[in-house]
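User: I am new to this structure. Please take a close look at its largest nonpolar core and at what packs around there.

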Amino acid sequence: MKVAIYKEFQGPISIARVNDPNPTEFGVVIKVEASGLCLSDWHGWMGHDPDISLPHVPGHEFSGTIMSVGKKVKNWRAGQRVTVPFVGGCGSCTYCLEGNQQVCDFQFQPGFTAWGSFAEYVAIDYADVNLVELPEDINFLEAAGLGCRFITAYRGIREQGKLTPDQTLAVHGCGGVGLSAIQIAKGLGAKVIAIDISDEKCKLAKDLGADYTINTNKTDVVQAIKELSGGGAHVSIDALGHSITCLNSIMGLRKRGKHIQIGLMTELHATPPIPMPLVVANELEILGSHGMQAHKYPEMFNFIKSTGIKLSNMITKTISLEEVPFHLPDMHQFSSAGIMVINSF
């Protein structure tokens with residue numbers, strides 16, 4: 001099969017031919033139909049993820065068709081249209097038995113703990129626990145956009161943040177996670193303030209439903225949030241993963257507000273300054289959101305359908321697998337708005 005592969009961190013990414021994968025006893029092999037490019041893939045290429053072994057094929061946001069099935073898989077067959085969470089559970093540890101596969105002790109992560117979806121085929125372990133069948137009304141391209149961005153925002157807002165229609169959400173960073181969060185919050189009927197450094201991304205955020213946008217290069221973001229929300233956001237998301245966006249998110253909360261950390265924080269940003277006296281005095285909550293369990297997808301699919309969310313509106317560029325070596329090293333530049341998806345292999 002054809003893959004995009006690198007043999008050293010921060011090294012060249014090449015298009016190569018490797019052996020097709022075979023399913024494990026409890027796994028499947030999926031023909032990849034679409035795969036998103038995500039900042040997490042860039043973090044992996046940079047060497048920020050200790051789970052990656054070289055050489056490596058990245059890619060963790062994908063959809064496709066089951067091609068072959070392991071002999072102990074009970075619930076799946078060849079030909080089904082599927083996607084998977086970017087965090088797969090083992091199905092038997094304490095957290096999986098609680099239904100919290102997103103924090104499994106023995107996580108299977110395509111594109112990190114195993115080769116991923118920048119390839120014609122990808123092998124997925126623990127298939128009965130982690131595969132998700134796609135509804136007829138969600139195509140492969142849209143499903144790749146769900147990837148880690150939409151599902152993480154969905155769980156962050158609904159399960160962790162418990163956002164309600166009478167509240168205000170502040171979204172720091174209008175990439176894929178941020179744009180997903182905006183649509184989810186508007187589907188709930190909440191007010192949304194979108195924050196970014198790019199006018200282009202602020203415009204797309206507005207087009208997707210944001211009530212207000214703030215360009216941090218042009219105004220005092222914390223003061224602007226408090227003015228627009230009447231005292232501070234009820235829930236605020238750092239969708240980027242930067243010490244400044246994390247701090248702004250916390251500082252822009254009202255009393256008893258909730259900060260949700262979704263953006264991955266690495267290197268110099270791994271231990272950001274948190275104003276703990278403010279957290280104590282204002283009874284703030286600091287929460288994380290790490291993907292979403294496969295068994296929660298049907299609820300999300302119903303929400304998308306009932307609220308009329310158009311997943312395709314976030315997808316602004318499609319590319320071929322051969323273009324990955326040119327785009328992946330520049331993901332951290334945040335030069336384009338929306339989600340980029342591979343749809344030609």
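Analyst: What follows looks at that core, then at a helix pair, two residues and a buried helix.

The model is predicted. Start with the core. The largest nonpolar core has 53 residues. Within this core, F150, L169, I182 and M300 touch the most other members. Several elements give two or more residues to the core: α4, β8 (168-172), α5 (176-188), β9 (191-196), α6 (199-207), β11 (233-238), α10 and β15 (339-344). Helix α4 gives the largest share, 9 residues.

Now take α4 with α10. Helix α4 spans residues 140-160, and helix α10 spans residues 297-307. Their axes come within 12 Å and cross at roughly 90 degrees. An angle of 65 to 115 degrees counts as roughly perpendicular, so α4 is roughly perpendicular to α10. Which residues of α4 and α10 meet? On the α4 side they are L146, G147, F150, I151, Y154, R158 and E159. On the α10 side they are Y297, E299, M300, F301, F303 and I304. By class, this contact has 9 nonpolar, 1 polar and 3 charged residues. F150 and M300 appear here, and both are among the residues that touch the most other core members.

Next, L169. Leave aside neighbours within four places in sequence. L169 is then in contact with I157, L163, A181, A185, K191, V192, I193, V235, S236 and I237. A separate core of 38 residues lies apart from the largest one, and F112, L131, I342 and F345 are among its members.

I193 deserves its own look. I193 is found in strand β9. Is I193 buried or exposed? I193 has a relative accessible area of 0%. Buried means under 20%, so I193 is buried. Not counting residues up to four places away in sequence, I193 touches T168, L169, A170, V171, Y212, I214, I225, L228 and S229. I193 and I182 are 11 residues apart in sequence. In space, their C-alpha atoms are 8.4 Å apart.

Last, a helix with its own surroundings. Helix α1 covers residues 39-46. How many residues of α1 are buried? The count is 8 of the 8, so α1 is largely enclosed by the rest of the structure. These buried residues are L39, S40, D41, W42, H43, G44, W45 and M46. What do the buried residues of α1 pack against? Their partners are β1 (2-6), β2 (13-17) and β3 (28-37). Just after α1 comes G47, with a positive phi of about 95 degrees.

Key: Residues are numbered from 1 along each chain as its sequence is written. This is a predicted model: local features need pLDDT of at least 70, side-chain atom pairs count only at pLDDT 80 or more; totals for chains, interfaces and linings use all residues. Side-chain values use heavy atoms; hydrogens and water are left out. Axes are lines fitted to C-alpha atoms, for helices over the stretch in contact, and angles run from 0 to 180 degrees between N-to-C directions. Helices (H or I, at least four residues) and strands (E, at least two) are DSSP runs, numbered from the N terminus. Angles under 35 degrees count as roughly parallel, over 145 as roughly antiparallel, 65 to 115 as roughly perpendicular and the rest as oblique. Contact means heavy atoms within 4.5 Å. Ala, Val, Leu, Ile, Met, Phe, Trp, Tyr, Cys and Pro count as nonpolar, Asp, Glu, Lys and Arg as charged, and the others, Gly among them, as polar. A nonpolar core is a set of buried Ala, Val, Leu, Ile, Met, Phe, Trp, Tyr and Cys residues joined through side-chain atoms within 4.5 Å. Buried means under 20% relative accessible area, exposed over 50%, partly exposed in between (1.4 Å probe, protein chains only).
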